[in-house]
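The following paragraphs lead the reader through a single protein structure. Please keep the sequence and the three-dimensional view at hand while reading.

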Amino acid sequence: MTPPVPTADLVDEHGDRLRVCDTQFRQFGGHRSFCGPVRTVSCHEDNGLVRSLLNTPGDGHVLVVDGGGSMRTALTGDLIAGAAVANGWAGLVLNGAVRDTTALAALPIGIKALGTTPRKSAKTGAGEVDVAVDIGGVTFAPGDFLHADDDGIVLLPRPAE
């Protein structure tokens, strides 16, 4: 696995070529800094796809979930995040809420989310996997490389094609 690099150092190195997410996420996981290639889920108040994907090998990826910023239901809790740890995911970035925060803090994974709610989400599997999602003025696409820490979330410049 690639070790995380402080996001401020990456900004100093890459300047405007670096994509910086403007959303102010809170930290919930046991790892305060994490990095990895991006996978995505787009869903609204339904964590069926999140649960399914995190129960597959993560290979050091970071799952970015666009829940539309809803704080009404949690997109992950301790069981789903525990599955992510067991399957080798490096982190989760949730444009939405989490629950079971005390248990999340004890897990060896990075988790950033907008906030918390005790409510469960639907589990129908509605949404899309591995599609570009826009959060905080940045487009997260599958395969982008993400670094996250207490200062924020950045995406490394894409190589010239």
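In which sense do strand β11 and β12 pair, and over how many bridges? The pairing of β11 (residues 145-149) with β12 is antiparallel and runs over four bridges; two strands are said to pair if DSSP finds at least two bridges between them. The model is a predicted one, in which local features need pLDDT of at least 70, side-chain atom pairs count only at pLDDT 80 or more, and totals for chains, interfaces and linings use all residues. Residues are numbered from 1 along each chain as its sequence is written, and side-chain values use heavy atoms, with hydrogens and water left out.

Strand β12 deserves further attention. Together, β11 and β12 form a hairpin, with two residues between them, and A148 has I153 as its bridge partner in β12. Strand β1 (residues 19-20) also pairs with β12, in the antiparallel sense and over two bridges; here R19 is opposite L155. Strand β12 (residues 152-155) is covered on both faces, since G152 and V154 on one side are buried, as are I153 and L155 on the other. Buried means under 20% relative accessible area, exposed over 50%, and partly exposed in between (1.4 Å probe, protein chains only).

These strands belong to a protein with four helices and twelve strands. Helices (H or I, at least four residues) and strands (E, at least two) are DSSP runs, numbered from the N terminus. Buried residues make up 48% of the 161 residues. The C-alpha trace spans about 40 × 30 × 30 Å along its principal axes. For 161 residues, a compact globule would have a radius of gyration near 15 Å, and the 14 Å of the protein agrees with this; the radius is taken over C-alpha atoms, and the globule rule is 2.2 Å times the number of residues to the power 0.38. Of the contacts with a separation of 6 or more, 74% are between residues 24 or more positions apart, where contact means heavy atoms within 4.5 Å.

Two loops hold residues with unusual backbone angles. Most residues other than glycine have a negative phi. E45, however, has a positive phi of about 55 degrees although it is not a glycine. E45 lies in the loop between β3 (34-42) and α2 (48-54), and it counts as buried because its relative accessibility is 19%. D59, in the loop between α2 and β4 (62-66), has a positive phi near 50 degrees. At 64% relative accessibility, D59 counts as exposed.

The loop of E45 meets another part of the chain at A122, which is in contact with E45, D46, N47 and G48, leaving aside its neighbours within four places in sequence. A122 lies in the loop between β7 (110-116) and β8 (128-129) and, at 35% relative accessibility, counts as partly exposed.

N47 leads on to the largest pocket, which has a volume of about 190 Å³. Of the 13 residues that line this pocket, N47, L79, I80, R99 and K123 are the closest to its centre. On a 1 Å grid over the protein atoms alone, a pocket is an open set of points where a 1.4 Å probe fits, with protein on both sides within 12 Å along at least five of seven lines; lining residues have an atom within 4 Å of a point. The volume is the space filled by probe spheres set on the points, which are joined across faces, edges and corners. Helix α3 gives the largest share of the lining, three residues.
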